[in-house]
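Biologist: Before I plan anything around this protein, I'd like to go through the labels people put on it. Can you show me what stands behind each one?

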Amino acid sequence: IKTVPPVELANVYFDMFPEEVSPIWRNPCDDKRHLSIWSVAKTCSRLPKFLVIGPQKTGTTALYSFLGLHPSIRSNANSPTTYEEVQFFNGKNYFRGLDWYMDFFPPVDNSSDTVLFEKSANYFDSDVAPERAHALLPHVKLLCILINPAKRAYSWYQHMIAHQDAVAMSNTFYQVITADENASKAVRDLKHRCLNPGMYASLLERWLDYYPPKQIMIIDGEKLRSDPVSVMDRVQAFLGLEIYFDYSKKLKFSKKKGFYCQVLDNNKTKCLGASKGHQYVPMEPKEEEYLRKLYRKDNIALSKLLPRLGRSIPSWLQEELADLR
Ligand code: A3P
């Protein structure tokens, strides 16, 4: 038997087992051996019971703010870098560890009816998030929102313009979505980030590899926008909340904003900021046409997947399929 100092030993070990270089965090309270070495000062109650996984630009901020009105629901604390989003399971933050993640959540008494959640809209299209989320939170409920993927892509591009993203600013939407191998890497990356989250069926399948359908709620984003009260009723039922919150008293359509907004105690309304619910010129017909073709296969797959999961087909998808005939 030969022994070497810890770092050297770790290097030897990871040379032998490179697939173990990335950690997978599991819930220490689910394993007796882990629990026995888990500090008594720590708790497993600082973990979310549900996640809003995205994708971006489908109304995730509206859902997040509506959920925050419910007396039993509490979100994570704001992150200094990603604001309301923790973005743990999808990227580098994962390597900050479990304590880093749990510090975003308040400790919750077992007897309390408080339900913790977090919303990170990039989880939906992350290739690592489903496995990582499932390892730590196998019983968590997942909420995702779908709108027409072409509309989502355009909204995302407009969002980048509003944030003065240099690559978006120097390329039209059409140039971005049609970028081929001759385009610069920056444009191709932008295109990927713009279009990939709209491949709903294939991305949902990745989550379904880890989670049973009953743990996943698929929200029609158009409905969330036009009738948030009925959507929030369904969300409450899905989450199995003990306290029912009547959203009809707290959400009101603002003609000025063109969206539902929160009713404050003084009867004034508080809408989401200027970056949500933008005004911009409509998509050009050639852009719509291009995206319709691009998303065609995935939309058809989605129209088969949803009934298989016992879910209805949203009106935007019905319209899209009618156009395909
Ligand atoms: P636009 O700004 O392109 O209109 P996300 O929060 O996931 O980034 O999504 C932003 C989108 O949410 C907005 O896109 C808007 O269409 C939609 N949305 C739905 N309900 C809304 C609401 N009540 N207030 C503001 N935006 C809402």
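**Around the ligand**

Modeller: Sure, and keep in mind that this is a predicted model. By class, the shell around the ligand holds six nonpolar, nine polar and three charged residues.

Biologist: Which residues come nearest to the ligand?

Modeller: Thr60, Thr61, Ser155, Gly277 and Tyr280 come nearest, out of 18 residues around the ligand. Helix 3 gives the largest share of the shell, four residues.

Biologist: What makes Lys276 a polar contact of the ligand?

Modeller: An N or O atom in the Lys276 side chain is 3.0 Å from an oxygen atom of the ligand. The cut-off for such a pair is 3.5 Å, so this one qualifies.

Biologist: And which part of Thr58 and of His278 faces a ligand oxygen atom, backbone or side chain?

Modeller: Backbone in both cases. For Thr58, a backbone N or O atom lies 3.2 Å from an oxygen atom of the ligand. For His278, a polar backbone atom is 3.0 Å from a ligand oxygen. Both values fall within the 3.5 Å limit, so both count as polar contacts.

Biologist: How much of the ligand's accessible area does the protein cover?

Modeller: On its own the ligand has 570 Å² of accessible area, and the protein covers 94% of that. As for elements, helix 3 (60-67) and strand 7 (259-263) are the ones that give two or more residues to the shell.

**Strands and pairing**

Biologist: Strand 7 again, then. What is the order of strands in its open sheet?

Modeller: The order is 6-7-8, three strands with antiparallel pairing.

Biologist: Why are strand 6 and strand 8 called edge strands?

Modeller: Strand 6 (251-254) and strand 8 (269-270) each pair on one side only, and that is what the name refers to.

Biologist: How do you know that strand 7 and strand 8 really pair?

Modeller: Pairing takes at least two bridges, and these strands have two, in the antiparallel sense, so they pass. Gln262, for example, has Lys270 in strand 8 as its bridge partner.

Biologist: What about strand 4 and strand 5: parallel or antiparallel?

Modeller: Parallel: five bridges join strand 4 (residues 141-146) to strand 5. Leu143 has Met217 in strand 5 as its bridge partner.

Biologist: What makes strand 5 "mostly covered"?

Modeller: Five of the five residues in strand 5 (residues 216-220) are buried. Each therefore has under 20% relative accessible area. Ile216, Ile218 and Asp220 point one way, Met217 and Ile219 the other, and all are buried. That fits the general pattern, since side chains in a regular strand alternate between the two faces of the sheet.

**Salt bridges**

Biologist: Why is the Glu205 and Arg308 pair called a salt bridge?

Modeller: Their side chains come to 3.7 Å, N to O, and the limit is 4 Å, so the pair counts. Glu205 sits in helix 10 (residues 200-208) and Arg308 in helix 13 (residues 285-308), so the bridge ties together parts that are 103 residues apart in sequence.

Biologist: Are those two buried or exposed?

Modeller: Glu205 has a relative accessible area of 29%, which is not over 50% and not under 20%, so it is partly exposed. Arg308, at 59%, is over 50% and therefore exposed.

Biologist: What does Lys250 pair with?

Modeller: Lys250 forms a salt bridge with Asp265, with the closest N and O atoms 3.5 Å apart. Lys250 lies in the loop between helix 12 (228-239) and strand 6, and Asp265 in the loop between strand 7 and strand 8, so the pair ties together parts that are 15 residues apart in sequence. Asp265 is exposed at 78%, while Lys250 is partly exposed at 23%.

Biologist: And Lys249, what is its partner?

Modeller: Asp246, in a salt bridge of 3.1 Å, N to O. Lys249 counts as exposed at 63% relative accessibility, and Asp246 as partly exposed at 27%.

Biologist: How many salt bridges does the rule give?

Modeller: The count comes to 13. There is also a network of salt bridges that links Glu289, Arg292, Lys293 and Glu320.

Methods: Residues numbered from 1 in each chain as written. Predicted model: local features only at pLDDT ≥ 70, side-chain atom pairs only at ≥ 80, totals over all residues. Heavy atoms only, no water. Near = heavy atom within 4 Å. Polar contact = N/O pair within 3.5 Å; in protein donor to acceptor, adjacent residues only side chain to side chain. Areas by Shrake-Rupley, 256 points an atom, 1.4 Å probe, with all protein chains shown as cover. Nonpolar A, V, L, I, M, F, W, Y, C, P; charged D, E, K, R; others polar. Buried < 20%, exposed > 50% of the residue type's maximum accessible area, 1.4 Å probe, protein only.
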